[in-house]
Amino acid sequence: MKFLNCTNLGIITVVCFIISSCGSKQKNHEEISSQKDCIAYIIRKDDSLGSIRNHACEAMSLSKSITQYVSGIDDLDFSNCPKSFVDAFAEHKKAWRNMKKVTDSLPNLRGEMHDVFDSISKTKYNEAFDPLLKDVWDTWAQIEQSMKSL
């Protein structure tokens with residue numbers, strides 16, 4: 001069955017996730033009345049979005065995977081989350097967007113995201129890429145720190 005090659009399977013996965021997420025902002029608003037519930041909701045959703053991102057670049061460019069990940073985060077309801085958590089996540093999204101400064105130059109790299117990162121580290125883009133990747137990890141540490149302060 002030629003229809004279910006890696007590219008189509010990746011696209012189907014992303015489309016299914018988008019369809020299942022439609023309307024979730026309002027529905028989940030009722031479920032996340034406390035700050036702790038809001039954080040738990042966002043972390044659960046980020047985990048799902050991150051898993052999709054990590055494998056979407058097997059079928060599409062890493063830049064497109066990053067764009068879809070950030071767009072997914074933008075669709076989440078942070079309204080009941082603490083400001084420090086919201087601010088930390090905003091910085092994390094910015095760090096991911098900044099990675100596209102390098103990944104846009106490598107549209108044909110394919111593979112699981114961490115394998116793609118390893119590939120980039122062996123290219124001439126490594127010097128520009130390393131601080132961007134560090135920023136992603138550093139901003140995630142800020143998210144974790146904001147979670148501890150609640």
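## The disulfide and its surroundings

Cys38 and Cys81 are both buried, and in this predicted model the two residues form a disulfide in which the sulfur atoms lie 2.0 Å apart. The bond joins distant parts of the chain, since Cys38 belongs to helix H3 while Cys81 sits in the loop between H4 and H5, with 43 residues separating the two in sequence. The torsion about the S-S bond of Cys38 and Cys81 is about -90°, and the disulfide is therefore left-handed.

The structure holds 1 disulfide. Cys57, another cysteine of the chain, has a relative accessibility of 0% and for that reason counts as buried.

## Overall fold

The chain contains 7 helices and 0 strands, and read from the N terminus its elements run α-α-α-α-α-α-α. Of its 150 residues, 38% count as buried, and the accessible surface of the chain comes to about 8,700 Å², with 54% of that area belonging to carbon and sulfur atoms.

Contacts across the sequence can be described in a similar way. When contacts between residues at least 6 apart in sequence are considered, 74% of them join residues that are at least 24 apart. One pair that is separated in sequence but can be located in space is Asp138 and Ala95, which are 43 residues apart along the chain and 9.1 Å apart from C-alpha to C-alpha.

## Helix H3

Helix H3 covers residues 35–56, and its length can be checked against the expected rise. At 1.5 Å a residue, the 22 residues of H3 should span 32 Å, and because the C-alpha atoms at its ends are 31 Å apart, the model agrees with that expectation.

The buried residues of H3 are Cys38, Ile39, Tyr41, Ile42, Asp46, Leu49, Gly50, Arg53, Asn54 and Ala56, a list that includes charged residues, Asp46 and Arg53, as well as nonpolar ones such as Ile39 and Leu49. Ile42, one of these buried positions, touches Leu76, Asp77, Phe78, Cys81, Phe85 and Phe89, when residues up to four places away in sequence are not counted. Cys81, one of these contacts of Ile42, is also the disulfide partner of Cys38.

## The nonpolar core

The largest nonpolar core has 32 residues, and the members that touch the most other members are Ile42, Trp96 and Met99. Two or more residues of this core come from each of helix H3 (35–56), helix H4 (62–74), helix H5 (83–103), helix H6 (113–120) and helix H7 (126–148). Helix H5 gives the largest share, 7 residues. As a general background, nonpolar side chains in soluble globular proteins tend to be buried together.

## Salt bridges

The structure holds 4 salt bridges. Asp74 forms one of them with Arg97, the closest N and O atoms being 3.8 Å apart. Because Asp74 lies in helix H4 and Arg97 in helix H5, this pair ties together parts that are 23 residues apart in sequence. Asp74 has a relative accessible area of 36% and is therefore partly exposed, and Arg97, at 40% relative accessibility, likewise counts as partly exposed.

Another salt bridge lies within a single helix: Lys83 and Asp87 both belong to helix H5, where they are 4 residues apart, about one turn of the helix, and their closest N and O atoms are 2.6 Å apart. Lys83 is exposed, with a relative accessible area of 60%, whereas Asp87 is partly exposed, at 35%.

In helix H7, the side chains of Lys134 and Asp138 meet in a salt bridge, with 2.6 Å from N to O, and these two residues are also 4 places apart, about one turn of the helix. Asp138 has a relative accessible area of 33%, so this residue is partly exposed. Elsewhere, salt bridges that share partners join Asp74, Lys93 and Arg97 into one network.

How values were computed: Residues are numbered from 1 along each chain as its sequence is written. This is a predicted model: local features need pLDDT of at least 70, side-chain atom pairs count only at pLDDT 80 or more; totals for chains, interfaces and linings use all residues. Side-chain values use heavy atoms; hydrogens and water are left out. A nonpolar core is a set of buried Ala, Val, Leu, Ile, Met, Phe, Trp, Tyr and Cys residues joined through side-chain atoms within 4.5 Å. Buried means under 20% relative accessible area, exposed over 50%, partly exposed in between (1.4 Å probe, protein chains only). Contact means heavy atoms within 4.5 Å. The expected span of a helix is 1.5 Å times one less than its number of residues. Accessible areas come from the Shrake-Rupley method with a 1.4 Å probe; for residues, only the protein chains shown count as cover. A disulfide is a pair of cysteine sulfur atoms within 2.5 Å.
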